[in-house]
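Biologist: Could you take me through one part of this structure up close? I'd like to follow a single helix from one end to the other and see what sits around it.

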Number of protein chains: 2
Amino acid sequence: MDYKIVELKQSILDDNTKDAEKLREMLRQEKTFLLNLMSSPGAGKTTVLCRTIENLKDEMKIGVMEADIDSDVDAATITAAGARAVQLHTGGMCHLDADMTRQGLHALGSKDLDLVVLENVGNLVCPAEFDTGSVKNAMVLSVPEGDDKPVKYPLMFTVCDVVLVNKCDTLPVFGDFSKDAVVSRVRQLNPKAKIFFISAKTGEGMEEWYDYLRSEAAAWTGE
Amino acid sequence: MDYKIVELKQSILDDNTKDAEKLREMLRQEKTFLLNLMSSPGAGKTTVLCRTIENLKDEMKIGVMEADIDSDVDAATITAAGARAVQLHTGGMCHLDADMTRQGLHALGSKDLDLVVLENVGNLVCPAEFDTGSVKNAMVLSVPEGDDKPVKYPLMFTVCDVVLVNKCDTLPVFGDFSKDAVVSRVRQLNPKAKIFFISAKTGEGMEEWYDYLRSEAAAWTGE
């Protein structure tokens, strides 16, 4: 097994927002760009991540923290894709906060990494409520879930800097999914959000996403 | 607008399990069968429900409580399908407990209803942790989410009496989804769970589900 498993402890800090700021400050000094990646169960976070690692691993040192209630399915997949990984077990908790993220970074060893991705618990509700200390928040919305998700889970779409609309290769099968509807519903909540239409399976639209990561990571580390 | 909107209050009761038993006792006296329907966002709960209502509304009086963080999308759809509906706003809360369910039943007026469905918040984590007072728990797992969900969200699959594997019409598109893998993973957690492979869109496999509801409702009401 090429990855650690970390049983997360519940945070005892009262002020998560303040703690998240502290964590970001540490990451800036370390020159590590932390991305918090969220989605519903099964939207394709891990597939997006594997393809991203394969395409960027020659340019950046990448680490991944796989948060999951209990299983280790994803850390094994990520390790095979070529990134350093830790599996975080939340022990039933439905979200991560800054202190839990710090426990993960510590286990991962983030100092020498350029990009760390926190793959959050698959959930459109709770993870959106906690600042993890990440530099940017991204979410994956998959076509089969439907174009009404921004209306039903507004906070998630409000806190995300990027929305990756995944499984676009299945658009012909899910004929009632409207790209325009997604764009206008996201824009209404979050005018500045970047929206990329992708298929992590076919690679469609992924170049724009890689460019986004490259430029945001460079801006953060000042390089 | 043909449905009420209820802003749920957080429960003040300590012992939800005891409260859920009390609620079930009330439902037994009322001869009302309460089904708690859970899933990830976008798995197709509302579509399953609409088709179920259309097929059973001549045999049973049906009511639906649509729990949602904020929106009213689903209550309008359900009302159009021909059931009495209330929209429950959880105000950001990621689950429902027995007292919140009671608030919903009160607003719906459940006394004259044979079947009430609580469409829970789209989330595979938190709703599984709370007994809502329902007679049976069912969940919808959609094919595009993947066959590994029982491994990643074990509690949900443990507490459910029924797993409806939905969007089976898209199996040719999601070629890596294995029905056998789902069955064996669910069975490992929950040997007694009923598993139905359905497509709420095409109607495939739905008759078995209707038969299950008919017989469970009859057993509950003693009719």
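Modeller: Let's look closely at helix H1 of chain A, and then step back to the pair of chains. Keep in mind that this is a predicted model.

H1(A) runs over residues 16–30. Its length checks out: at 1.5 Å a residue, those 15 residues should span 21 Å, and the end C-alpha atoms are indeed 21 Å apart.

Now for its two sides. Asp19(A), Ala20(A), Leu23(A) and Leu27(A) are the buried ones. Look down the axis of H1(A) and these buried residues fall within an arc of 100°, so they line one face of the helix. The general rule behind this is that an α-helix has 3.6 residues a turn, so residues three or four places apart point the same way. The cover over the buried residues of H1(A) includes strand S2 (33–39) and helix H4 (98–108), both of chain A. Flip to the other side of H1(A) and you meet Thr17(A), Lys18(A), Glu25(A) and Gln29(A), which are exposed. Just past the end of H1(A), Lys31(A) adopts a positive phi of about 60°.

Stepping back, a turn of 180° with a shift of 0.0 Å along the axis lays chain A on chain B, with an RMSD of 0.0 Å. That is how a two-fold axis relates its copies. Both copies use the same surface, with 100% of chain A's contact residues recurring in chain B. Each side of the contact brings 28 residues. On chain A's side, helix H5 (residues 149–152) gives the most, with three residues. Sorted by class, that side has 13 nonpolar, eight polar and seven charged residues.

Terms used:
Residues numbered from 1 in each chain as written. Chains lettered and ligands numbered in written order. Predicted model: local features only at pLDDT ≥ 70, side-chain atom pairs only at ≥ 80, totals over all residues. Least-squares fit on C-alpha atoms with pLDDT ≥ 70 in both. Contact = placed C-beta atoms within 7 Å. Helix = DSSP H or I, 4+ residues; strand = E, 2+ residues; numbered from the N terminus. Nonpolar A, V, L, I, M, F, W, Y, C, P; charged D, E, K, R; others polar. Expected span 1.5 Å × (residues − 1). Buried ≥ 20, exposed ≤ 12 C-beta atoms within 10 Å, placed from the backbone. Arc of directions from axis to C-beta.
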